[in-house]
Amino acid sequence: MAKPSIVFAHGLWADGSCFGKLIPTLQAEGHEVMASQHGLDSLATDVAAVKACLARVHGPTILVGHSYGGTLITHAGTDTRVAGLVYIAALAPDADETSQSLLGKFPTSPVFGHLDVPEGRIWLKQSGVKHFAGDLPEAEQKLVYATQAAPVADLFNQKVEGTAWNAKPSWYVLATQDQTVPPDLQRFVSKRMKATTTEVASSHVPMLSKPDVVLDVIRKAASAV
């Protein structure tokens, strides 16, 4: 029996290469894998980008979202080709929430004190990388900074319909040392969606700092569906 396909959705200050420590292993294990690339220009077009990747792989599919990518898989995951959802230190707004209103329910995390907003785009300052990916080696932190993708300033206030975690089985990788998406927010959303939750002592990027933990969760999701 063919294994489920896997589609990744990245967050802010990142691109699909942030899953580079996961994709080759999953491919070698027999999964068809794609990583969606988001312009971070609008929520609707980013959700459409995830759905475009769904159309390029064979179903059933596991959607994996990191950070803002959790908002994307929450909306795109209502697609009938999606069998399960994996959230990595991710947002997961309910039908009456936006990414920003969900974040606003919790104290502001340290990374948000290290941003520049020239010409309507939100850039992560070099001083903010330690709050985003502080458990990576220095060379990898520099790479994260150099390859960042900057969202439009109002991206987190935009709204799209669809709340997939209400109906699809969900798994959650909870980063307990996260200084970007608060761990208390992660606990709140993972409990609300009744996710199978795995806690890991990592920064906001466990797929880079603790890839074996994240791979294990994805494998469990794939075998369950």
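This is a short group-meeting talk on the sheet, the helices and a few unusual backbone spots in one structure.

Hi everyone, thanks for coming. Please keep in mind throughout that this is a predicted model.

Let's begin with the sheet. There are six strands in an open sheet, and reading across you get β2-β1-β3-β4-β7-β8, with parallel pairing. The edges belong to β2, residues 33-36, and β8, residues 196-200; each has a single partner strand, so one side of each is left without a neighbour in the sheet. From one strand to the next, the twist averages 15 degrees.

Now let's walk in from the β2 edge. Strand β1, residues 5-9, runs parallel to β2, and four bridges join the two. If you want a pair to click on, take Val7, whose bridge partner in β2 is Met34.

Moving over to the other end of the sheet, we meet β7. How many bridges join β4 to β7? There are four, and these two strands run parallel. On the far side, β7 is joined to β8 by five bridges, again in a parallel arrangement. Trp171 is a handy landmark here. Val86 stands opposite Trp171 of β7, and in β8 the bridge partner of Trp171 is Thr196.

So is β7 buried or exposed? Six of its six residues are buried, so the strand is largely enclosed by the rest of the structure. As a reminder, side chains in a regular strand alternate between the two faces of the sheet. In β7 both faces are covered: Ser170, Tyr172 and Leu174 are buried on one side, and Trp171, Val173 and Ala175 are buried on the other.

On to the helices that lie on this sheet. Helix α7, residues 183-192, lies across β7 and β8, and the angle it makes with β7 is about 165 degrees. Helix α2, residues 43-54, lies across β1, β2, β3 and β4, and runs at about 165 degrees to β2.

Let's stay with α2 for a moment and look at its contact with helix α3, residues 68-76. The two pack at an angle of about 65 degrees, and their axes are 9 Å apart. That makes α2 roughly perpendicular to α3. The crossing is right-handed. Which residues of α2 meet α3? They are Leu43, Asp46, Val47, Val50, Lys51 and Leu54, and on the α3 side they meet Tyr68, Thr71, Leu72, His75 and Ala76. By type, the residues of this contact divide into seven nonpolar, two polar and two charged.

Helix α3 deserves a look in its own right. This helix is mostly covered, with nine of its nine residues buried. Among those buried residues are Gly69, Gly70, Ile73 and Thr74. And what covers them? The cover includes β1, α2, β3, β4 and α4, residues 99-103.

Last topic: three places where the backbone is worth a second look.

Just ahead of α3 sits Ser67, in the loop between β3 and α3. Ser67 has a positive phi of about 60 degrees, although it is not a glycine. At 8% relative accessibility, Ser67 counts as buried.

Trp13 is the next one, in the loop between β1 and α1, residues 23-28. Trp13 also has a positive phi, about 55 degrees, without being a glycine. Buried or exposed? Trp13 is buried, with a relative accessible area of 4%.

Then there is Pro60, which you will find in the loop between α2 and β3. The peptide bond from Gly59 to Pro60 is cis, with omega near -5 degrees. Pro60 has a relative accessible area of 40%, so we call it partly exposed. Which residues does Pro60 touch, not counting those up to four places away in sequence? The answer is Pro4, Ser5, Arg81 and Ala83. You can also look for Ala2: it lies 58 residues from Pro60 along the chain, and the C-alpha atoms of the two are separated by 9.5 Å.

To bring it together, we have an open six-stranded sheet with parallel pairing, a β7 that is largely enclosed by the rest of the structure, and a mostly covered α3 packed against α2. Add the cis bond at Pro60 and you have the places I would open up on screen. Thanks, and over to you for discussion!

Terms used
Residues are numbered from 1 along each chain as its sequence is written. This is a predicted model: local features need pLDDT of at least 70, side-chain atom pairs count only at pLDDT 80 or more; totals for chains, interfaces and linings use all residues. Side-chain values use heavy atoms; hydrogens and water are left out. Two strands pair if DSSP finds at least two bridges between them. Axes are lines fitted to C-alpha atoms, for helices over the stretch in contact, and angles run from 0 to 180 degrees between N-to-C directions. Contact means heavy atoms within 4.5 Å. Angles under 35 degrees count as roughly parallel, over 145 as roughly antiparallel, 65 to 115 as roughly perpendicular and the rest as oblique. A crossing is left-handed if the near helix is turned anticlockwise from the far one by less than a right angle, and right-handed if clockwise. Ala, Val, Leu, Ile, Met, Phe, Trp, Tyr, Cys and Pro count as nonpolar, Asp, Glu, Lys and Arg as charged, and the others, Gly among them, as polar. Buried means under 20% relative accessible area, exposed over 50%, partly exposed in between (1.4 Å probe, protein chains only).
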